[in-house]
Amino acid sequence: MVLGKKRKLGRPIEEINTGEKLTLTEKMEDKDLLLYLGLTNDANPLYIQHDYASMTPFKKPVVPAVMLSGFITSAISKYLPGPGSHVTKQHLDFHLPVYHYEVIQFFFEVKDVDAEQGRIRISVEAFSEEEKLAASGILEVIPPIYPDSQDGLAFENF
């Protein structure tokens, strides 16, 4: 939590257009993996044990699919549409394993803006360093909602 630092909300639905795009690059670092494993108490040997992973068809430890999902939803929260948004539905397919230290490129595109329902649909594709499709999917998102009236302290700790 960031206390004492004011943050802007993301863009409201009225400012979002079909066809908008966002590209992000993320490196799958051990520190992120260890934080995930510690937070979830997930002890799957496929994620961290090189000796076990070497005996599987994967040949080396893989990044948990839910971590990739986390990078995707984080992009929604940070950039498109940004802080204050909420993912209500997601469908993600994981086509290839992603390995430790791999650099993944994520491509997002606004596919539909439904102002009446207050929701947008965003597609995502994630590509490996070899430019192979590692993950793809669609998310339904409620963009930030701006209250009709705000006093000067409404977002004091946000």
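## Helix α1 and its two sides

In this predicted model, helix α1 spans residues 30-40, and its buried residues are L33, Y36 and L37. These buried residues lie on the same side of α1, because they cover an arc of only 95° around the axis. Turn to the other side of α1 and you will find K31, L34, L35, G38 and L39, which are exposed.

What covers the buried residues? The cover over that part of α1 includes α2 (45-48) and α4 (65-78). After α1 comes N41, and its phi is positive, near 60°.

## The five-stranded sheet

Let's move on to the strands. Five of them form an open sheet with antiparallel pairing, in the order β1-β3-β4-β5-β2. β1 (21-27) and β2 (86-94) are the edge strands, each pairing on one side only. From one strand to the next, the twist averages 20°.

Seven bridges link β1 to strand β3 (residues 103-114) in the antiparallel sense. One pairing to look for is K27, whose bridge partner in β3 is V103. Helix α4 packs on the sheet, where it touches β1, β2, β3, β4 and β5 (133-142). The direction of α4 makes about 140° with that of β2.

## I120 in strand β4

Strand β4 covers residues 119-127, and I120 is part of it. Is I120 buried or exposed? I120 has a relative accessible area of 0%, so it counts as buried, the cut-off being under 20%.

Leaving aside residues up to four places away in sequence, I120 touches I13, I16, P81, D112, V113, L139, E140, V141 and P143. N17 is 103 residues from I120 in sequence, while their C-alpha atoms are 9.3 Å apart in space.

How values were computed
Residues numbered from 1 in each chain as written. Predicted model: local features only at pLDDT ≥ 70, side-chain atom pairs only at ≥ 80, totals over all residues. Heavy atoms only, no water. Helix = DSSP H or I, 4+ residues; strand = E, 2+ residues; numbered from the N terminus. Buried < 20%, exposed > 50% of the residue type's maximum accessible area, 1.4 Å probe, protein only. Contact = heavy atoms within 4.5 Å. Arc of directions from axis to C-beta. Pairing = 2+ DSSP bridges. Axes fitted to C-alpha atoms, helices over the stretch in contact; angles between N-to-C directions.
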